[in-house]
Amino acid sequence: MKILVTGGAGFIGSNFIHFILEQYPEDSIVNLDNLTYAGNLENLASVEDNTQYRFIKGDIGDVVLIDSLVAQCDVVVHFAAESHVDRSILGPEAFVQTNVFGTFTLLEVARKYSKRFHHVSTDEVFGSLERDAPAFNEATPYDPRSPYSASKAASDHLVRAYFHTYGLPVTLSNCSNNYGPYHFPEKLIPLALTNLLEEKKVPVYGDGRQIRDWLFVEDHCRAIDVILRQGKIGETYCIGGNGERENIWIVEQLLTLLGKDTSSIEYVTDRPGHDRRYAIDFTKIRTELGWEPSVSLAEGLARTVAWFQKNENWWKRVKSGEYQQYYASQYGKS
Ligand code: NAD
Ligand code: DAU
């Protein structure tokens with residue numbers, strides 16, 4: 001299979017490329033990524049000499065470039081996005097540009113060549129759950145509440161519209177919070193972890209009792225692969241990690257794993273419009289495609305801590321430069 005991966009230099013995309021090249025040595029991958037602050041070719045250093053892999057620097061909104069790449073592939077797996085909620089609050093424009101217009105451009109070209117298209121989306125499109133409400137599933141109505149989730153919701157609707165209107169062979173997935181190797185340290189787990197490794201405090205928003213469902217990134221990659229090869233065209237699959245926890249629980253776990261105490265926690269001003277709880281019911285993908293998460297939260301967190309301890313050079317480089325300015329503007333300190 002010839003796979004065009006968009007956003008493959010980011011966190012999940014790079015894990016997906018490693019996964020595919022290991023599991024299917026006969027497959028080939030073209031990775032299209034314009035290397036925003038979140039794109040990092042270091043994530044792919046170990047495969048850059050693999051003849052089955054090719055990197056192209058470019059924007060998903062560049063229709064001429066996209067045309068030449070989509071024409072040559074069998075499937076598009078679309079990860080490229082602006083992905084951080086806090087950044088979408090500071091500056092929503094790039095989110096609309098990439099997540100909505102960029103996805104639209106890709107869809108138009110996929111339509112021209114009738115190419116199979118898998119769209120990677122998020123549980124945030126469903127909004128915020130009460131503590132005792134049932135988990136999100138494929139039938140949950142959309143209720144996005146941040147510029148990020150609204151832009152992802154818009155792109156999901158476009159993808160479905162291209163299936164219904166033009167018969168484009170699409171699948172979609174909406175998953176919960178990923179974590180693991182190559183996770184960009186602006187997100188809760190890698191930010192907390194790397195701050196602790198630097199003897200800094202961990203910023204916890206509001207009361208820290210917001211709930212997320214945590215999915216180890218390898219399990220997510222396996223789920224996308226199953227959908228790509230066995231998923232039903234036109235269908236959406238919700239992917240969860242069986243790992244619903246309050247943020248403060250996650251932070252305390254990391255403190256324990258790193259031998260620190262709660263004096264490393266700093267409660268800070270809450271995120272505007274902060275969704276209280278996300279949770280995923282993944283019955284559909286389990287019963288129809290036989291996928292379920294295989295890495296427990298305890299194992300995944302231990303593996304993630306070990307990866308960040310071993311790859312200090314990676315995250316120290318990532319945390320320098322543009323990131324420092326962002327962190328200072330977000331938290332008022334460097
Ligand atoms: P990321 O921010 O780590 O990576 C995004 C990648 O897309 C980067 O390499 C960036 O350079 C690239 N990119 C951005 N704009 C581009 C453009 N215009 N053209 C080409 N490339 C561009 O994101 P991630 O966490 O790996 O998320 C990947 C996808 O999964 C996103 O669509 C996101 O919405 C979705 N998702 C993420 C999570 C999560 O927990 N991280 C959960 C659910 C869904
Ligand atoms: O649910 C899937 C989504 O998960 C993806 O679609 C997004 O791309 C991804 O970024 C992630 O969004 P969140 O906003 O849930 O992730 P983040 O790591 O930014 O925050 C997780 C929780 O931790 C959230 O409740 C906010 C809180 N938080 C976050 C940061 C960065 C803190 O308390 N302190 C922090 O410093």
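A pocket, for this tour, is an open set of grid points with protein on both sides within 12 Å along at least five of seven lines. Keep in mind as you click around that the model is predicted.

**Stop 1: the largest pocket**

Start by selecting Asn-15, His-18, Phe-19, Glu-22 and Gln-23, then add Pro-181, Tyr-182, Glu-218, Asp-219, Cys-221, Arg-222 and Ser-294. Together they line the largest pocket, and the space there comes to about 230 Å³.

Now switch to a cartoon view. Which helices each supply at least two residues of this lining? They're helix 1, running 11-23, and helix 7, running 217-230. Helix 1 gives the most, with five residues. If you colour the lining by class, you get an even split: four nonpolar, four polar and four charged residues.

**Stop 2: the second largest pocket**

Next, select Tyr-37, Gly-39, Asn-40, Phe-184 and Val-318 and zoom in on them. Of the 16 residues that line the second largest pocket, these five lie nearest its centre. Two helices, helix 11 (312-318) and helix 12 (322-331), give two or more residues each to this lining. Helix 11 has the largest share, with three residues.

This pocket holds about 150 Å³ of space. Colour its lining by class too, and you'll find eight nonpolar, five polar and three charged residues.

**Stop 3: the closed spaces**

Time to look for cavities, where a 1.4 Å probe fits but cannot get out. How many of 30 Å³ or more turn up in a search of the whole structure? There are two.

The largest cavity has about 1100 Å³ of space. To find the middle of it, select Ser-83, His-84, Tyr-148, His-183 and Lys-187, which are the closest to its centre among the 50 residues of the lining. By class, those 50 lining residues divide into 21 nonpolar, 18 polar and 11 charged.

**Stop 4: ligand 2**

So what sits in the largest cavity? Show ligand 2 as sticks, and there's your answer. The elements giving two or more residues to the shell around ligand 2 are helix 6 (188-197) and strand 8 (202-205). Strand 8 has the largest share, with three residues.

Select the residues around ligand 2, 23 in total, and look for Ser-83, Asp-123, Tyr-148, Arg-271 and His-274, which come nearest. Ser-83 and Tyr-148 should ring a bell, as both are also among the residues closest to the centre of the largest cavity. The shell is made up of nine nonpolar, eight polar and six charged residues.

Now try your viewer's distance tool on three contacts:

- From Pro-203, pick a polar backbone atom: a nitrogen atom of ligand 2 is 2.8 Å away.
- From Arg-212, pick an N or O atom in the side chain: an oxygen atom of ligand 2 is 2.9 Å away.
- From Asn-247, pick a polar side-chain atom: this one lies 2.9 Å from an oxygen atom of ligand 2.

How much of ligand 2 does the protein bury? Taken alone, the ligand exposes 680 Å², and 94% of that is buried by the protein.

**Stop 5: the second largest cavity**

For the last stop, select Val-85, Glu-124, Arg-145, Ser-146, Arg-212, Arg-271, Pro-272, Gly-273, His-274, Asp-275 and Tyr-278. They line the second largest cavity, which has about 50 Å³ of space. You've already met Arg-271 and His-274, two of the residues that come nearest to ligand 2. Arg-212 is back as well, from the list of contacts. One last colouring by class gives three nonpolar, three polar and five charged residues.

How values were computed:
Residues are numbered from 1 along each chain as its sequence is written. Chains are lettered from A and ligands numbered from 1 in the order in which they are written. This is a predicted model: local features need pLDDT of at least 70, side-chain atom pairs count only at pLDDT 80 or more; totals for chains, interfaces and linings use all residues. Side-chain values use heavy atoms; hydrogens and water are left out. On a 1 Å grid over the protein atoms alone, a cavity is a set of points where a 1.4 Å probe fits but cannot get out, and a pocket is an open set with protein on both sides within 12 Å along at least five of seven lines; lining residues have an atom within 4 Å of a point. Grid points are joined across faces, edges and corners, and a volume is the space filled by probe spheres set on the points. Helices (H or I, at least four residues) and strands (E, at least two) are DSSP runs, numbered from the N terminus. Ala, Val, Leu, Ile, Met, Phe, Trp, Tyr, Cys and Pro count as nonpolar, Asp, Glu, Lys and Arg as charged, and the others, Gly among them, as polar. A residue is near a molecule or strand if one of its heavy atoms lies within 4 Å of it. A polar contact is a pair of N or O atoms within 3.5 Å; within protein, one must be able to donate a hydrogen and the other to accept it, and residues adjacent in sequence count only if both atoms are side-chain atoms. Accessible areas come from the Shrake-Rupley method with a 1.4 Å probe; for residues, only the protein chains shown count as cover. A molecule sits in a cavity or pocket if more than half of its atoms lie within 2 Å of its grid points.
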